[in-house]
Amino acid sequence: MNRRFCYIVKWCCISLFGGILMGACGETRNTVINFQLDGITEGMHPVLTVGGESFELVPDSLGFVSFYPEGLDKPQDGMLECGKYRLLLYVQPKKSFDVYVNLTPSALGAEFTGDGALENEVLNGDIFSTAIKTDYRQDEKIFIAEREAELKEGIRILDSLALPPDFVSFAKEKLKYTVFASLGTYPGQHAEGYEPSGFYKDYVRNLITEDEKWLDFTIYREALSGWIEVQGISAGADTFERLKRALQFVDTALHHPAVTEFVVDRMITGYVEKAGIDSLNRLMPFYNKRVKDEALRSGFRHLCAMWERIQPGKAAPAMYAGSRDSVRIQPDALTGKYTYLLFWKTDCDFSARELAYLKELSVRFKTKNIQFVAVSCDTDRGQWESWLAEKQPAGIQWYLENSPFILDYYRAQRLPYAVLLDPQGKIVRVGMPLPSGSRLMGILPQLTAE
């Protein structure tokens, strides 16, 4: 008996038993999603997201796992993530379905059966995948015309299928957001200094709708945010100025409290996540005016507090590190002179290339009051030691034993990442320019001349 047959028999038995049990109890069955995941590899953790909430799925030895959405009183957007693959889902009250997922190194295949199967097949069919095929090199008007053609063809296909009218209406609206979401990302695919034309901004502005029920759907949130960001783009404007212009647009053009609250929280939180709190005083009037939900405000306060602890002059966190000779690094190793810390990993080629530039800096500033330290964040010390033995890099090399804590503390979202400490072991700046960048030479000579 093969696994596919086991999958069918097992679910038939579950469905029969469940139907008898609930019938005897006089209950109406709500939605159940039954998965069989074939091809799950070690270390792969399938995640199901429904209505903005995420749940890790833990299949049994045959790959079976069932999910019971709680409090489902309206259709919800969903997604199954397995490694690099994503499967869209449409979850409806009292419409259960089964999903057979076949994972290979090069593709994800899915089959749906049950009451909600047809809708999910449509969501994962060619209608919605066409929106991914975009050529950002095109002229603005041609780019828009192709998106309009995609939408028109998708609507034609939806109208030709025997689908429930409510779902067709939903699918057309979702298709609009899916197709036109790329208008929000289009400007970012062009050279720095590009500003969309007045025609482009007006076209995008006319796409904006304020619909609270669509806030439950990821594609609406992403499309809406992108379209509003377009309104803030101006030639020569930096990231903060773009944000401010977009917020001013929101202040005058959006009126629905829930939609406006979502947009303002997302935009300001996203900015602070990356840029920190230096401009916080100029952002708080917008935030306080529009964001009232205490859960959102609490999350934002927590984010700001995490940035507050790494402001210039704050004490650096304790690092548990060892040298290439397995000598424990003492706290005073970060005092007495400026310390430039470069956090990196051996399996990141871009990280490793920075070490060559770090060596050049060590030579250039060898008579100055500064040390340059390469701090490995590898999870396997043996991998780091093998890399050192093969590459023989010069300079100070440390292995960080509490890297998850330190990287989170310093707000390092990707590697390589650099931090500068002063001779007292206090933070000068996080997110320093990398050794290969020219901007670093505008900072170090001034400090080391003191």
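Student: Where is the place of Pro-416?

Tutor: Good place to start! This is a predicted model, and in it Pro-416 sits in the loop between helix H15 (403-409) and strand E13 (417-421).

Student: What joins Leu-415 and Pro-416?

Tutor: Begin with the general idea: most peptide bonds are trans, and most residues other than glycine have a negative phi. Here, Leu-415 and Pro-416 are joined by a cis peptide bond, with omega at about 0°.

Student: And phi? Which residue in the loop between H15 and E13 has a positive value?

Tutor: That is Arg-411, which is not a glycine but has a positive phi of about 60°. Arg-411 belongs to the loop between H15 and E13. Lys-94 also has a positive phi, near 60°, and is a residue other than glycine. Look for Lys-94 in the loop between strand E6 (85-91) and strand E7 (97-104).

Student: Is Lys-94 buried or exposed? And Arg-411, buried or exposed?

Tutor: Lys-94 is exposed, because its relative accessible area is 55%. Arg-411, at 12%, is buried.

Student: Now for cysteines. How many disulfides does the structure hold?

Tutor: The general idea is that a disulfide is a covalent bond between the sulfur atoms of two cysteines. This structure holds zero disulfides.

Student: Why is there no bond for the sulfur of Cys-348?

Tutor: The closest cysteine sulfur belongs to Cys-377 and is 11 Å from that of Cys-348, so it is too far for a bond. A disulfide would need the two sulfur atoms within 2.5 Å. As for their surroundings, Cys-348 is partly exposed, with a relative accessible area of 21%, while Cys-377 counts as buried at 4%.

Student: How do I check the span of helix H13 (residues 349-364)?

Tutor: Compare the expected span with the distance between its ends. At 1.5 Å a residue, the 16 residues of H13 should span 22 Å, and the end C-alpha atoms are 24 Å apart, which agrees.

Student: Which residues of H13 are buried?

Tutor: They are Ser-351, Ala-352, Glu-354, Leu-355, Leu-358 and Leu-361.

Student: Last one: at what angle do helices H11 and H12 pack?

Tutor: H11 (residues 280-290) and H12 (residues 294-308) pack at about 175°, and their axes are 13 Å apart. Because of that angle, H11 is roughly antiparallel to H12. On the H11 side, Leu-280, Met-284, Tyr-287 and Asn-288 make the contact, and on the H12 side, Leu-296, Arg-297, Phe-300 and Cys-304 do. Sorted by class, this contact has six nonpolar residues, one polar and one charged.

Conventions: Residues are numbered from 1 along each chain as its sequence is written. This is a predicted model: local features need pLDDT of at least 70, side-chain atom pairs count only at pLDDT 80 or more; totals for chains, interfaces and linings use all residues. Side-chain values use heavy atoms; hydrogens and water are left out. Axes are lines fitted to C-alpha atoms, for helices over the stretch in contact, and angles run from 0 to 180 degrees between N-to-C directions. Helices (H or I, at least four residues) and strands (E, at least two) are DSSP runs, numbered from the N terminus. Angles under 35 degrees count as roughly parallel, over 145 as roughly antiparallel, 65 to 115 as roughly perpendicular and the rest as oblique. Contact means heavy atoms within 4.5 Å. Ala, Val, Leu, Ile, Met, Phe, Trp, Tyr, Cys and Pro count as nonpolar, Asp, Glu, Lys and Arg as charged, and the others, Gly among them, as polar. Buried means under 20% relative accessible area, exposed over 50%, partly exposed in between (1.4 Å probe, protein chains only). The expected span of a helix is 1.5 Å times one less than its number of residues.
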